[in-house]
Amino acid sequence: MNCLIINNCKQERGAAILLTFLVLTTVFVIALGISGLMLGETKMSREVPRSLRAYYAAESGIEKSLYDARKGAGANDMGSPPRCSSGTGAICLAAENATCYSIDVTSPPPNLNIKSYGCYKEVRRAIEISY
């Protein structure tokens with residue numbers, strides 16, 4: 001009779017270890033999922049300043065085009081700012097040539113349709129206006 005009780009206790013002990021393993025595995029998988037989400041959000045929040053810098057570069061291109069259109073210089077006349085070293089023909093705003101913009105004018109005056117592309121490192125943003 002004692003053997004039956006001892007065998008029964010061993011079987012219950014094995015079930016408890018299995019149940020503990022399953023619970024810990026579930027907690028581990030949930031923790032990995034949450035950490036993956038947090039890493040993605042951290043990476044995305046790191047890109048926000050770069051994205052803003054590219055957006056403001058594109059906005060600078062729009063402002064330059066509007067200024068040139070009002071002065072009569074023509075929206076395609078970029079003036080004297082240095083060209084980017086990338087060879088794309090973009091106008092550089094920063095001394096290290098990392099912040100640039102380029103302008104595309106698709107319709108003749110008086111109805112100008114201007115699209116400006118801003119870039120900072122590998123991030124690109126675009127703004128389009130009709131004037």
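Here is a walk through the structure, from the overall layout to the final hairpin.

A word on the source: this is a predicted model, where local features need pLDDT of at least 70 and side-chain atom pairs count only at pLDDT 80 or more, while totals for chains, interfaces and linings use all residues. Residues are numbered from 1 along each chain as its sequence is written, and side-chain values use heavy atoms, with hydrogens and water left out.

Start with the layout. The chain has one helix and four strands (DSSP runs, with at least four residues of H or I for a helix and at least two of E for a strand, numbered from the N terminus). Going along the sequence, you meet them as α-β-β-β-β.

How much of the chain is buried? Of its 131 residues, 23% are, where buried means under 20% relative accessible area with a 1.4 Å probe, counting protein chains only. The exposed area comes to about 9400 Å², with 62% of it supplied by carbon and sulfur atoms (Shrake-Rupley method, 1.4 Å probe).

Now the sheet. The four strands make an open sheet in the order E1-E2-E3-E4, with antiparallel pairing; a pair needs at least two DSSP bridges. At the edges sit E1 (91–92) and E4, each pairing on one side only.

Finally, look at E3 (residues 113–120) and E4 (residues 123–130), which run antiparallel and are joined by eight bridges. Two residues separate them in a hairpin, and Lys-121 in the turn has a positive phi of about 55°. To follow the register, find Cys-119 opposite Arg-124 in E4, then Ser-116 opposite Ile-127 in E4.

Definitions and conventions: Buried means under 20% relative accessible area, exposed over 50%, partly exposed in between (1.4 Å probe, protein chains only).
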